[in-house]
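Q: Please take a close look at a single part of this model and relate it to the whole chain. A connected account, suitable for use at the bench, would be appreciated.

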Amino acid sequence: MDMVIILYVSALIAALAFGVLVIFLARTLVAVRRTMNNVADTLEGVEKQMEGITLETTALLNKTNKLAEDVSVKSQSLNPLVDGVKGIGETVQEFNHSIRSISKGLTRSAHNHTDSAAQAMKWGQVAINLWKKARKEDVNQTGGKVL
C-alpha cells in the first residue's frame with residue numbers, strides 16, 4: 001500500500017507539473033501570438049509604405065525621363081546657334097587679322113614714305129607762299145581790287 005500511495009502521489013505531482021507546464025506553454029504561445037500579430041501589422045504598414053514609395057519613384061522616373069528628353073531636344077536646337085556663334089567668332093578673328101595686316105602695311109608705308117611726305121609738304125608750303133606773293137602783287141598793281 002505504501003507503494004500505491006507513493007505511486008498516486010508521484011502521478012499527482014507529475015499531473016501538477018504537466019498542468020504547470022501547459023499553463024506556461026499556453027502563456028508563451030499567447031505572447032508569441034501577440035508578437036506575430038504585431039509583426040504582421042508592422043509588415044502590412046511597411047507594405048503600404050512601399051507601395052507609396054513605388055508609386056512616387058515611378059512618377060519621379062517618368063518626370064526624369066521627360067526632362068532628359070526635353071534637355072536633349074533643346075540641346076539639339078541650340079546646336080545651330082552654337083555653330084553660328086562659332087562662325088561669328090571665326091569671322092571676327094579673321095577681321096581682326098585683316099585690320100592688323102592693313103595697319104602694319106600702313107605703318108610700313110608711312111615709314112617708307114616719310115621723306116617723300118616731308119618733301120611734298122615743303123613744296124606745298126613753297127607753292128602756297130608763291131601764290132600768296134603773286135596775289136599780293138596783283139592787288140598792289142590793280143590798286144586794291146582783287147581780280
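A: The part chosen here is helix 1, and the account begins with one of its residues, Ile-13. In this predicted model, Ile-13 is exposed, because its relative accessible area is 52% and the cut-off for exposed is over 50%. Ile-13 belongs to helix 1, which covers residues 2-112. On the surface, Ile-13 joins Met-1, Ile-5 and Val-9 in a nonpolar patch. Together these four residues offer about 430 Å² of accessible area.

Further along comes a patch of another character. Asp-41, Glu-44, Glu-47 and Glu-51 make up a negative patch on the surface. Of these residues, Glu-44 can be placed in helix 1. Glu-44 has a relative accessible area of 45% and is therefore partly exposed, since that class lies between the limits of 20% and 50%.

Helix 1 also contains a pairing of opposite charges. Lys-74 and Asp-70 are both part of this helix and stand four residues apart, about one turn of the helix. Their side chains form a salt bridge, with an N to O distance of 3.2 Å. The structure has one salt bridge in total. Both partners are partly exposed: Lys-74 has a relative accessible area of 48%, and Asp-70 has 34%.

The setting of the helix is given by the whole protein. Its secondary structure consists of two helices and zero strands. The radius of gyration is 58 Å, whereas the globule rule gives 15 Å for 147 residues, so the protein is more spread out than a compact globule. The C-alpha trace spans about 190 × 30 × 30 Å along its principal axes.

The accessibility figures for the whole protein may be read alongside those of the single residues. Of the 147 residues, 0% are buried, where buried means a relative accessible area under 20%. The protein exposes about 13,700 Å², and carbon and sulfur atoms supply 66% of that area.

Charge may be treated in the same way. The protein carries 17 positive and 14 negative side chains. The centres of these two sets are 21 Å apart.

To return to the part under examination, helix 1 holds Ile-13, a member of the nonpolar patch. Helix 1 also holds Glu-44, a member of the negative patch. Lys-74 and Asp-70 lie in helix 1 as well, and their side chains meet in the salt bridge.

Conventions:
Residues are numbered from 1 along each chain as its sequence is written. This is a predicted model: local features need pLDDT of at least 70, side-chain atom pairs count only at pLDDT 80 or more; totals for chains, interfaces and linings use all residues. Side-chain values use heavy atoms; hydrogens and water are left out. Patches are made of residues with over 30% relative accessible area and no salt bridge: like charges are joined within 9 Å, nonpolar side chains (Val, Leu, Ile, Met, Phe, Trp, Tyr) within 5 Å. Accessible areas come from the Shrake-Rupley method with a 1.4 Å probe; for residues, only the protein chains shown count as cover. Buried means under 20% relative accessible area, exposed over 50%, partly exposed in between (1.4 Å probe, protein chains only). The radius of gyration is taken over C-alpha atoms; the globule rule is 2.2 Å times the number of residues to the power 0.38. Lys and Arg count as positive and Asp and Glu as negative; His and the chain ends are not counted. The place of a charge is taken as NZ of Lys, CZ of Arg, CG of Asp or CD of Glu.
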